[in-house]
Amino acid sequence: MTANHVRSQAITEVLTRPAVQTAETRPLSETWATDVFNLTKMEEALSKTAFKAVKKTVTTGEPLDPATADIVAAAMKTWAMSKGAKFFSHVFYPLTNITAEKHDGFIVTNSDGQAITEFTGSLLIKGEPDGSSFPNGSLRMTNAARGYTAWDPTSPAYIMWTANGATLMIPSVFMSWTGESLDKKIPLLRSISAMDVSARRVLTLMGETDIAPLNASCGPEQEYFLVDQHFAAARPDLLLSGRTLFGAPPAKGQEFDDHYFGAIPERVQVFMQAFEEKLYRLGIPAKTHHNEVAPGQFEIAPYHEAANVAADHQQLLMTVMKATAAEHGFLCLLHEKPFAGLNGSGKHVNWSVGNATQGNLLDPGTSPEHNLNFLLFCGAVIRGVHKYGPLLRAVIASASNDHRLGANEAPPAILSVYLGDQLEGVYNDIKAGKISVSSDGGVMDLGLSQILNFQRDPGDRNRTSPFAFTGNRFEFRAVGSSQSISGPLTALNTMLADSLTWVADQLETQLEKGLTRPEAVAVVVKELMELHGDAVFGGDGYSSEWHEAAVAERGLRNLPTSAEALPVYTEPDVIDLFERTGVLSAVELNARYEVYSEQYINSIAVEARLVVDMARTVIYPAALKYAADLATTYAAANEVGISFDTAQVKIIAENANLLLSTATQLESALESHDFADTKAHMEHSATSIRGLMETARGYADALEAQVDDAVWPLPKYREMLFIK
């Protein structure tokens, strides 16, 4: 079957596919967390003493003794086997942005050769995958392979179902034999602990006596695209790189804004409901779903949870989403920019900090100017973003996310804080030594008797800000769709821990001078804003004026590519931050720099090789054949005295030859290897290789606009985006 026939067949298959039947659903009360071994189920299965010990570990981080671990393991095994599970797996999160699993059976043989089930506390606590076969940044050599997984009791175990049955999944950390973190969970847990210590110190100085453990909470909004599998199968670029490396823009894209929050296509709605049914069984609080801006783009948003659990659930959500999409005949695309010229996909990480006694410490209340704890904690965030904005850019760096952050579409690569008019006014008044009086947003009255009036928010939203305050939390809008949220959360918690320590030091000094707490807070916040207020910006983050002023007048750094952002991991102030807070050692940080740099280089290399391959074996042959057919037709017409304009065949020939020439140049650029260091290699990938890829794309897309639609081999944007 020729390539163009594959495309034609794909269209036919999509248009004639039978409707997917909606599965029978049960009430939420009957499905919620039925596949999760949570505290509720532990309370039913464990003795009072054992349950009390486990609950204390989960809520306060107290260590769990081995004897209790044995009891938990036995109960966990009984529960899992009652659901048909024969296997268990330590689930961990290596430096790949995806989830890793090692499956073992609940089986041993006794002296009589009989198979019996076994699952002890030692098996629950520790596993042993290969530490050198995962990305490790030279922490583990090939001959030094030992690595460990260890059970994380603060994140509940769950059952994962496939067509063949059930497996008990145990969230775990992953470390080397020498004790370094090889994963994304260990630094996140350490950052929460560091933030807790610093936050307790501030709250104690503020006169709080009953202080429960503090934690970060998170609610990540996930954007994604759905493409029918028949179209995806005919697009090597989608299958191997997650984005279209070629593709002319369709006549209609997103310019009418008619897809955003529009009626969800029936087939997609069926997928969403099946997907969310699985999430509910796994205790993942999916709350919102809707059409996003681009055709074929959608979003799902869960309710807020504790940061560690939210990060685990986010990884699980992506896994379940891809699997469920496949069941419904879709390929789920999590690439940040799968379709050029259309809205890209991000992951908006909503982040706040609080505890059971003081509540959400980023909730300003009705009078933020009088909420002293809020003023200090929100101020600490402002300081953190100002001091460590480049770090926040580095933790969201990837080859795919560069397509958003370097363009005027997503929040830009300059990290700033949006507070809203009310809060910005409060902090500026304190900076100026004024007494601030905040005002609410007033009542929304449309003058329509049938529409109830409601209280308007005190400030508008700013979609161009990478880091925006949204009422009682901050929204880190620049995180990539395909990324693990653990890295961004770790950076946010760590910078907050550092800033809260600074706040505590300053506060302590002022209190020792005899100032009252309100007076001391005013002095501290005033100094903080004088030093770090340049991070606050409420205007258009996409504008060229802001890009110029941010760098020239405010001293903020603009890091549009990962080649510029990733070296931040090796900067002295960043190393000092992570070592001082105990979150990551210099060795662990350098390992991450090596891993993420290699991933960046490899990602671009894969795309470049695809461009060369598709240009030579798919696009050029189709163009050549069509040009030859046109030339034959022209020649035959001339023989009978009919003259046609030959401009089109000349355009096709010119673009085809230029495409082939660029592919050869790209192949040579890929063979370059004599680089001074990793940074130079990344810069070569970001400039030379990506530049040639874009040039090749220009010629290929020009050919798509000239070659007969009936012979064009690749599914087009109009088909992939609009046929569902």
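Colleague: What makes the meeting of aspartate 709 and arginine 7 a salt bridge?

Modeller: The term requires a side-chain nitrogen of Lys or Arg within 4 Å of a carboxyl oxygen of Asp or Glu. The side chains of aspartate 709 and arginine 7 meet at 2.9 Å, N to O, and the pair therefore satisfies that limit. This is a predicted model, in which local features need pLDDT of at least 70 and side-chain atom pairs count only at pLDDT 80 or more, while totals for chains, interfaces and linings use all residues. Residues are numbered from 1 along each chain as its sequence is written, and side-chain values use heavy atoms, with hydrogens and water left out.

Colleague: Why is this pair said to tie together parts that are apart in sequence?

Modeller: Arginine 7 belongs to helix α1 (residues 3-16) and aspartate 709 to the loop between α22 (678-704) and α23 (717-722), so the pair joins parts 702 residues apart in sequence. Helices here are DSSP runs of H or I with at least four residues, strands are runs of E with at least two, and both are numbered from the N terminus. Arg7 and Asp709 are also linked with Lys716, Arg718 and Glu719 in a network of salt bridges. The whole structure holds 30 salt bridges.

Colleague: Why is arginine 7 called buried?

Modeller: Buried means under 20% relative accessible area, exposed means over 50%, and partly exposed lies in between (1.4 Å probe, protein chains only). Arginine 7 has 4% and is therefore buried, whereas aspartate 709, at 32%, counts as partly exposed.

Colleague: How do you know whether the partners in the salt bridge of aspartate 237 and arginine 235 are buried or exposed?

Modeller: Their side chains meet at 2.6 Å, N to O. Aspartate 237 has 0% relative accessibility and is buried; arginine 235, at 1%, is buried as well.

Colleague: Where do glutamate 530 and lysine 526 lie?

Modeller: Both are in helix α16 (residues 517-532), four residues apart, about one turn of the helix. Their salt bridge is 2.5 Å, N to O. Glutamate 530, at 46%, is partly exposed, and lysine 526, at 30%, is partly exposed too.

Colleague: What makes the pairing of serine 400 and glutamate 336 a polar contact?

Modeller: The side chains are joined at 2.6 Å. A polar contact is a pair of N or O atoms within 3.5 Å; within protein, one must be able to donate a hydrogen and the other to accept it, and residues adjacent in sequence count only if both atoms are side-chain atoms. Serine 400 sits in the loop between α12 (372-394) and α13 (402-405) and, at 13% relative accessibility, counts as buried. Not counting residues up to four places away in sequence, serine 400 touches His335, Glu336, Ser482 and Arg690, where contact means heavy atoms within 4.5 Å.

Colleague: Which residues touch the most other members of the largest nonpolar core?

Modeller: They are Trp351, Leu419, Phe467, Phe474 and Phe476, out of 125 residues. Such a core is a set of buried Ala, Val, Leu, Ile, Met, Phe, Trp, Tyr and Cys residues joined through side-chain atoms within 4.5 Å. Helix α20 gives the most to this core, with 21 residues. A second, separate core of 29 residues includes Val91, Met169, Leu317 and Met318.

Colleague: Which residues does leucine 419 touch?

Modeller: Leaving aside residues up to four places away in sequence, leucine 419 touches Cys378, Ile382, Glu424, Tyr427, Phe469, Phe474 and Val536.
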